[in-house]
Amino acid sequence: MPELSLVVCIHRQRELLQRMLHHAEGCFDELVVVHDGPDDSGVRSLVEDRYGGRFFERPRRFQQEPHWAFAWGQTRHDWILRWDADEFPDPALREWLRAFRTQADPPEDVSGFTFIHPLWDGSRARTSRWPRRIALIDRRRVRHIGMADQAPIPDGRLVELDLVLHHQPPNATYGVRYTIANTKVRRWHEEIARSLLGKPTDLPCWRWDKPEWPDKWEQIRRRPLLTALARLVLSPLWNAREMIAYREPLRPSCLTTFPLQHWMTCLAYMRMRRENKGAIAATAAAPAQPAAKPTEPIPHAAPARDSK
């Protein structure tokens, strides 16, 4: 029987986490919560004292993906519920998870399960069957690169279930304003662009040891402007095709979010790459500094130690 670890990466959001844990009763065997930055809102006491979970504070990164490799390494079980604090299971999903924990392990070629993840406008769900989210994974059969907007990369197949994982933060989760005016989303674009200047292995990774980026990101690195234009045009068509396949009514407002995210990321990458090249050129053009004169050793000096 598969045992489940519920892993949540969070920054404050104590009330939302409490809501999620209330709805997830009976769905997991272990709770692991990683806090992005210092905990100043009492999340630790909620996790440890009320729910008997384990709590970790990590350096502030303004995103959760850099913490996943650490968090997944802390779990006692291989099957992981990868949920956000502002998510919670529908009653049908809750019953499925309770049954899942009493059944035989899934086949070895199954890397995880996807659930319906409705778009939220701040007061109600605007979709009911689309998009989908990888929210239950086997950590032995997925890989990950610790960068915003990077989902787990499965080794095997993903099983798609028509069960709902609600995503209901205080504000909308899609739309033009969400993508362009939201400070948090703009920061994600900046962090993605900065990460793409280097190698994926420069980031915290889970089972990913290749210096090459997945195609989704390599296309941005090689042809950022062409990729931005292509995705701005083609992504709405792909999304519309998916919505039709899932029998989801087409809503123009729901088709703008993902293309705009691609566009904003590509623009941020082009700007950062240009700035990076300028910095390298300026460094190369700077006059060489005279070499420092060697100093006499100080007798009886204590050996230096690495700072901790």
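This passage walks through selected local features of a predicted model.

A good place to begin is the start of the chain, with strand S1 (4–10) and the loop that joins it to helix H1. Cys-9 is buried, its relative accessible area being 9%. In the loop that follows S1 lie Arg-12 and Gln-13. Arg-12 has a positive phi of about 60°, although it is not a glycine. Gln-13 is not a glycine either, and its phi is also positive, at about 55°. Most residues other than glycine have a negative phi. In terms of exposure, Arg-12 is partly exposed, with a relative accessible area of 41%. Gln-13 is likewise partly exposed, and its relative accessible area is 30%.

Beyond this loop comes the packing of two helices. Helix H1 spans residues 14–23 and helix H2 spans residues 43–50. The two pack with their axes 9 Å apart, at an angle of about 25°. Because angles under 35 degrees count as roughly parallel, H1 and H2 are described as roughly parallel to each other. Their crossing is right-handed.

Another backbone feature of the model is found at Pro-131. The peptide bond leading from Trp-130 to Pro-131 is cis, with omega near -5°. Most peptide bonds, by contrast, are trans. Pro-131 sits in the loop between strand S6 (110–116) and strand S7 (132–138).

Attention now turns to a sheet. An open sheet is formed by 3 strands in the order S9-S8-S11, with antiparallel pairing. Strand S9 (153–154) and strand S11 (205–206) are its edge strands, and each of them pairs on one side only. Strand S8 covers residues 142–145 and pairs with S9 in the antiparallel sense over 2 bridges. Within this part of the sheet, Arg-143 stands opposite Ile-153 of S9.

The edge strand S11 also helps to place Asp-202, which lies in the loop between helix H6 (183–196) and S11. Asp-202 is exposed, with a relative accessible area of 55%. Along the chain, Asp-202 and Gly-146 are 56 residues apart, while in space their C-alpha atoms are separated by 9.3 Å.

Helix H7, made up of residues 215–222, has three named residues on its buried side: Trp-217, Glu-218 and Ile-220. Viewed down the axis of H7, these buried residues fall within an arc of 155°, so they line one face of the helix. The face turned away from that buried side carries Asp-215 and Arg-222, both exposed. H7 thus presents buried residues such as Trp-217 and, on the face turned away from them, exposed ones.

The final point concerns cysteines. A disulfide is a covalent bond between the sulfur atoms of two cysteines. How many disulfides does the model contain? The count comes to 0, taking a disulfide as a pair of cysteine sulfur atoms within 2.5 Å. Cys-254 is buried, with a relative accessible area of 1%, and Cys-9, described above, is buried too, with a value of 9%. Both values fall in the buried class because that class takes in relative accessible areas under 20%.

Definitions and conventions. Residues are numbered from 1 along each chain as its sequence is written. This is a predicted model: local features need pLDDT of at least 70, side-chain atom pairs count only at pLDDT 80 or more; totals for chains, interfaces and linings use all residues. Side-chain values use heavy atoms; hydrogens and water are left out. Buried means under 20% relative accessible area, exposed over 50%, partly exposed in between (1.4 Å probe, protein chains only). Helices (H or I, at least four residues) and strands (E, at least two) are DSSP runs, numbered from the N terminus. The arc is that of the directions from the helix axis to the C-beta atoms. Two strands pair if DSSP finds at least two bridges between them. Axes are lines fitted to C-alpha atoms, for helices over the stretch in contact, and angles run from 0 to 180 degrees between N-to-C directions. Angles under 35 degrees count as roughly parallel, over 145 as roughly antiparallel, 65 to 115 as roughly perpendicular and the rest as oblique. A crossing is left-handed if the near helix is turned anticlockwise from the far one by less than a right angle, and right-handed if clockwise.
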